[in-house]
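Got your viewer open and a coffee at hand? Load the model below and follow along, one selection at a time.

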Amino acid sequence: MQQNRWLSWLSPLLLLVLWEGAVQAGILNRIFVPPPSEVVVALVDGLVDGSLVADVVVSSERIALGFLIGAIPATLLGIWSGLNRTVYYLVRPLATMLYPVPKIALLPLVIVVLGIGEVSKIATVAMSVFLMVVIHTIGGVMQVDRRYFEVGRLYGANQRTLFRTVALPASLPAIIEGWKLAMGFALTLIVGVEFVGASNGIGYRIWQSYELYAIADMMAAVCLIAALGWVLTVGLDEMERLLVPWRHTIKESRMPLVQKWWGAVRPWSYTAAIVPVLLGAAVAAHEVTLNWLWLALALVGSIAIQGGTNLMNDYYDYKKGTDTPAVKGTGGALLRGDMTPEQIFWAGIIAFAVGSAIGLYFVYATGPFILWLGLCSVAVGYFYTAGPFALAYVGLGELAVFIFMGPVMVLGSYYLQQPVIALPAIWAALPVSFVVAAILHANNLRDIDTDIINHKRTLATMLGRSGARVEFYVLVGGAFVSVLVLIALGLAPWPTLISFAMAPLAWRLMRTAATEEAAEKLHPVLRGSAVLHMRFGMLYVIGWVIALWV
Amino acid sequence: MQSTSPIVFERVGLTYPTGVTALTDITLSIAPRSAVALVGPSGCGKTTLLRTIAGLEQVSTGTLTVAAGATRAMVFQSGLLFPWMSVADNISYGLMARGMPALQCRDRARHWAERMGLQRFVDAYPHQLSGGMQQRVGIARALAIEPDIVLFDEPFAALDAQTRLLMQELVCDLQRQGVCGTMVFVTHAIDEALIVADRIIVMSARPGRIIADVTPQLPDVPIAQKRALPAFTQAFADIWAQIRSEVELQMHEEVR
C-alpha cells in the first residue's frame, strides 16, 4: 500500500473528523454548525421515528407524478415535432420561448390558478419537466443522421417501420439525456416548491428546521435529498443501460449487476471483520441483554470498512498496474473489465462513508471511547505500510494485527453492548488474535524469499525460514492452547472447546508449512489460514453462545 | 432475368435546387448481370449517378429507366449500419422491412453471416466490429434481400490497404457465385475498378459526363496475378490518361 491511496479516501474522513473535533473542542459553535455525529443521529432518529421517511415519500411522490405527467406527453410531442415540420413550427418556438423562464418564478401564478394544494406543486414540476424533455427530444430526433432514413427507405421500410426501427432508437440516447436533466430539475424544483406553502416533504423539513434553528435536522434532510437524487440518477442510468444497450459492450450488458459487485466487494473475505464483532457481542451477552440494532449496525460498519478497503486496494493496484490475474485470484473485477476504475473508487468512498457514519453515530451515542478506538485503528492502518516507521516493515505487522483485529475490535463491539472497558473481553479475544496473526504470517512466510531480496523486513525475514516456521506453529498452536488456558482460568466457557473441531485443519497447515519452501506450495497455507480463521473463529463464537444456556 | 438492360440512362442531367449541376448528358445502358465500375475525380457526380439508380435522387432532364420490379440494394461508403441493431438484425433489415417473420429473418441472417465469415459476431453490435467486418455486414445486408441490382458506393475507401484487398477478393467471389445481380461499383481507385468490374465508365470533373467507356477483357484470375498482367497495367495507364486532366481541372477548381 502506498501513501497516496490512503490520502484520497482519508481526506473526506479527515474533514469529518476535523469538523467533529472543532465542534467538540468548542472552536465552532455547536448551535450554528452541529458536528457530523449529531447530523448522523438526527438522520437516524428521523428515519427510525418515520418523520424523515414520510417526508421523502411525499417528495418522491410529487417528483414521480410531476415527472411522469411532464415527461410522457413531452416525449411523444417531441418525437412528433422532430418528424413533422408543421408540428415542429407550432411547438418549437413556444417551447424555446418558455424554456428560459425560471419555473419557480411561476409558482405564485400556478398557485393563483390551481390553489395551494398538491396540484400546484406537481404542476410546477410537470411544467418544468415537460419543457426540458420536449426541447431535448426535438433536438434528439432532428439530429438523427438523415442517411439512416435513406437506408431504411432503400431497404423497403414504410413510415411505421421507419419510426420503429430508425427514428425511435436513433434519438433514444438524446431523449434519455433529456429525462436525466429533467429529473435534476424536478429535484431542485421540489425543494423550492416545498419551501413555500407546503406542510410536508423534504423541502418543508429543511425550511422548518431553519425556522426552529434545528440545524442538525436541516443537514439530515439535506443528506437525504442528496441520497434521493443519487438514487434517481442511478435508476435512470440503469434504465439507459436497458434501453440503449448498443452504447455498452455486450459483456457489460450481460453480466448481472449483483454478480459484478459480488466479485468486486468479495464478501467472503469478511470473516476478519465479522468474527471479532460477533465475539464481542457474544461475550457481552453473558452480562446484558443485547442491543440487536447496534450489533447489526456494528456488523454493517465493520463490513463497510473492510469492503471499502478491498475496493480501494483493487483501485490502487489497478492504477499502479501491479495486479495481474496471477497475483490476485479472488479480486480483480477491474482486470476482468466488469467495472470501470471510477465505479470502484466511488463505491469504496461510499463504503467508507457508511462505515464512518455508523462509527460517528456510536461516538455520539456512547461517548468518546469509541472515537479513540476508531482513531487508533485508523492511525495503525495508516502507519501499517506508510510513513517512516511502517509497522509491517519493522517486523511489527503481526503484533499490530494481533492487537487490532483481536482485542480492540472485540472490546469495541463489547463496549457497544456494555460501556465498560472489560478485561474479560480482551482475554476472550486472544484465540482470534492468534489465528488472524497466523494469516498475515502465512503471507510473510510464503513471500520470505522475495521479501529478503527486496529488503522488506518482516518478522519472517528477521527470524529466517526455520524461525518463521516456528512462529507459524506458535500462532496456530497458540490459538488452540489459548482456548484451553482461558477455560482453565475460567475466562472462557467450556463449550468453546467446540473450536477444536478445526484442529485437524490446523495440523495439516502446520505440516505443509514445515515441509514446503516454494512460494506456490505455500500459497495453500495462506488460503487455509484464512479458512481456519473463519471456521475456528465462528466455532469459538458459537461456543460462547451455547454457554448462554448450558 | 430479362435480356433487356435493367438500367438505361438517356441524356440524363441532374441539377440540384441550389443550382449546382451534378450530371449532364449521361447516356448509358448497363447489361443484365454485368459488373460496371464508375471512376472519376472526386466530386464528379459518380455517387450522384449511383443514387439516381437507387431512387434516392430524381433526375432533372432526360430519362432513367430501371427495370420494373427490380429490387435494389446499396452498400454505403461508411457502412451506415444501424448502431442500435445487432449484426443479425442489421443483415436481415431489408427482409424484416418487407415483412418476413422474425424467425425466418434470423435464419437468413445466420446464413449470410456464415457466408461472410461473421458467424461469431451475429449478436455483436456494429461498434464492436472492425471496419472490414462492418463492411461485410453492409454487404450481407444488401445481398440478403437477393437483389437484382447491387450498388456499391466507394465501400472500401475507408479501409486499410490489406483489408481492402481482402474485401475486393470477397466481392469478386460473390460475383462469381452470381449473387450480386447487376452490379454498379463507384470507386476513385482505378485498380479497384479493374479488379471488380468488367466494364469501366470514366467520368469527367463536375458537371459529370461520361468521357470514356472501357471494357478491358481481363482473364478471370486471382487478384494478385490479375494486377501483374500486362493488359491490366495497360488498361490502368489508358484510364489514368483519360482521368488525369480531369483531376487537374478539379484541383484548379478547388483552388479558385
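Here is a short walk through both chains, stop by stop. Keep in mind that what you are looking at is a predicted model.

**Stop 1: a greasy patch on chain A**

Start by selecting Leu484(A), Trp494(A), Leu497(A), Ile498(A), Met534(A), Met538(A), Ile542(A), Val545(A), Ile546(A), Leu548(A), Trp549(A) and Val550(A), and switch on the surface: together they make a nonpolar patch of about 1100 Å². Now colour helix H23 of chain A, residues 519-546, which is the top contributor to the patch with 5 residues. Zoom in on Met538(A), which sits in that helix. Is Met538(A) buried, partly exposed or exposed? Its relative accessibility is 30%, so Met538(A) counts as partly exposed.

**Stop 2: a glutamate tucked away in chain A**

Stay on chain A and pick helix H17, residues 397-417, where you'll find Glu398(A). Despite the charged side chain you might be hunting for on the surface, Glu398(A) is buried, because its relative accessible area is 5% and the cut-off for buried is under 20%. What does Glu398(A) touch, apart from its neighbours within four places in sequence? Show Ala437(A), Leu440(A), His441(A), Asn444(A), Leu459(A) and Glu471(A) as sticks, and you have its contacts.

**Stop 3: the sheet in chain B**

Hop over to chain B and switch to cartoon. There is an open sheet of 6 strands here, running in the order E5-E6-E7-E3-E8-E9 with mixed pairing. At its edges are strand E5 (72-75) and strand E9 (210-214), each paired on one side only. Neighbouring strands in this sheet are turned by 15 degrees against each other on average, ignoring direction.

For a closer look, select strand E3 (residues 35-39) and strand E8 (residues 199-203) of chain B: they pair in the parallel sense over 4 bridges. Click Leu38(B) and you can find its bridge partner in E8(B), Ile201(B).

**Stop 4: two glutamates with positive phi**

Next, go to the loop between helix H5 (131-144) and strand E6 (149-153) of chain B, and pick Glu146(B). Glu146(B) isn't a glycine, yet its phi is positive, at about 45 degrees. With 55% relative accessibility, Glu146(B) counts as exposed.

Then move to the loop between E6 and helix H6 (161-176) of chain B, where Glu154(B) is found. Glu154(B) also has a positive phi, about 40 degrees, without being a glycine. Buried or exposed, then, for Glu154(B)? Buried: the relative accessible area of Glu154(B) is 11%.

How values were computed:
Residues numbered from 1 in each chain as written. Chains lettered and ligands numbered in written order. Predicted model: local features only at pLDDT ≥ 70, side-chain atom pairs only at ≥ 80, totals over all residues. Heavy atoms only, no water. Patch = residues over 30% accessible without salt bridge, like charges linked within 9 Å, V, L, I, M, F, W, Y side chains within 5 Å. Areas by Shrake-Rupley, 256 points an atom, 1.4 Å probe, with all protein chains shown as cover. Salt bridge = Lys/Arg side-chain N within 4 Å of Asp/Glu carboxyl O. Buried < 20%, exposed > 50% of the residue type's maximum accessible area, 1.4 Å probe, protein only. Pairing = 2+ DSSP bridges. Axes fitted to C-alpha atoms, helices over the stretch in contact; angles between N-to-C directions. Contact = heavy atoms within 4.5 Å.
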